[in-house]
Amino acid sequence: MSESSEISQSCSSVVRLKSAKDITHCAFCGGILRDENIEGRIRKLCGSCGCVNYQNPIPSIAAIITDNSGGLLLVKRSVEPGVGLWCLPGGFMELGETPEETVVREVLEETGLHVKPGAIFDACSRIGGYHGDVVIIAYPAEVLDGELNPGDDASDVEYFPIDQLPEIAFLSHARFIDKYFS
Ligand SMILES: [Zn+2]
């Protein structure tokens, strides 16, 4: 899926970040990488230390949180990609975290709410996006406590009636929402 088809059209001017595919130097020793056919794929081999610099998608999470009347919690993005548009709370996993811990941390950072994640709802991959290749895991989450207060990558946070959702920044999130409420 191309960047332009993943990100809503109103932010089509977004410039793609350098991705792992553009890496030129070894992560282990700083040596120059060259493309080699290894295990049936073109991979980045270090000419100095001989390490293969394997490249993998970045795991991330998205949280589906509803209020008592079935409204869906969305955050307004304050950073690219999709700045000014709305999306599910979420973000990238940090080293040492479980996906559920990422849900708890990201939701707290972006919304001010403490949540308890449920079982995995769905997952998908996004190829060649703003951050390169990403895997997004969607979790429903139950609010334990806290007060709505936008932070981190969010400039606003709000529950929306499901039939009055604003434009969603990411197709992956829009599909999670459609599937969850269908
Ligand atoms: Zn190396």
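Colleague: Leaving aside its neighbours within four places in sequence, which residues is Leu-165 in contact with?

Modeller: Happy to start there, and please keep in mind that this is a predicted model. Leu-165 sits in the loop between S11 and H3. The contact cut-off is 7 Å between C-beta atoms placed from the backbone. With neighbours within four places in sequence left out, the contacts of Leu-165 are Leu-72 and Phe-160.

Colleague: Is Leu-165 buried, partly exposed or exposed?

Modeller: A residue needs 20 or more other C-beta atoms within 10 Å to be buried, and 12 or fewer make it exposed. Leu-165 has 15 such neighbours inside 10 Å, so the class it falls into is partly exposed.

Colleague: How far apart in space are Leu-165 and Leu-73, C-alpha to C-alpha?

Modeller: In sequence, 92 residues separate Leu-165 from Leu-73. Their C-alpha to C-alpha distance in space is 9.9 Å.

Colleague: Let's move to the core. Which element gives the largest share of the largest nonpolar core?

Modeller: That core holds 31 residues, and Ala-63, Ile-64, Cys-87, Val-103, Val-115, Tyr-139 and Ala-141 touch the most other members. Elements giving two or more residues to this core include strand S4 (58–64), helix H2 (99–111), S8 and helix H3 (171–181). The largest share, six residues, comes from S10.

Colleague: Tyr-139 is on that list. Leaving aside its neighbours within four places in sequence, which residues does Tyr-139 contact?

Modeller: Tyr-139 is one of the residues that touch the most other core members. Without its neighbours within four places in sequence, the contacts of Tyr-139 are Ile-61, Ala-63, Ile-64, Val-103, Pro-117, Gly-118, Ile-120 and Phe-121.

Colleague: Which residues of strand S8 point to the face where side chains are buried?

Modeller: In a regular strand the side chains alternate between the two faces of the sheet. S8 (residues 113–117) shows this alternation: His-114 and Lys-116 point to one face and are not buried. Pointing to the other face, and buried, are Leu-113, Val-115 and Pro-117.

Colleague: And which residue of S10 is the bridge partner of His-114?

Modeller: S8 and strand S10 (residues 132–146) run antiparallel and are joined by five bridges. Within S10, the partner of His-114 is Asp-145.

Colleague: What span does H2 reach from its first C-alpha to its last?

Modeller: H2 has 13 residues, and its buried ones include Thr-102, Val-103 and Glu-106. Among the elements that cover the buried residues of H2 are S4, S5 and strand S7 (90–92). Gly-112, with a positive phi near 85°, follows H2. At 1.5 Å a residue the expected span is 18 Å, and H2 comes close to this, reaching 18 Å.

Colleague: In the open sheet of three strands, which are the edge strands?

Modeller: The order is S1-S2-S3, with antiparallel pairing. Six bridges join S1 to strand S2 (residues 41–46), and one bridge pair is Ile-38 with Arg-41. The strands that pair on one side only, and thus form the edges, are S1 (33–38) and S3 (52–53).

Colleague: Glu-39 has a positive phi although it is not a glycine. Is Glu-39 buried or exposed?

Modeller: Glu-39, with a phi of about 55°, lies in the loop between S1 and S2. A count of 12 or fewer C-beta atoms within 10 Å marks a residue as exposed. Glu-39 has 7 others within that distance, so this residue is exposed.

Colleague: One last thing: which peptide bond is cis, with omega near 0°?

Modeller: For this one, look at the loop between strand S5 (72–77) and strand S6 (86–87), where Pro-81 is found. The cis bond runs from Glu-80 to Pro-81.

Notes
Residues numbered from 1 in each chain as written. Predicted model: local features only at pLDDT ≥ 70, side-chain atom pairs only at ≥ 80, totals over all residues. Helix = DSSP H or I, 4+ residues; strand = E, 2+ residues; numbered from the N terminus. Pairing = 2+ DSSP bridges. Core = buried A, V, L, I, M, F, W, Y, C linked by C-beta atoms within 7 Å. Contact = placed C-beta atoms within 7 Å. Expected span 1.5 Å × (residues − 1).
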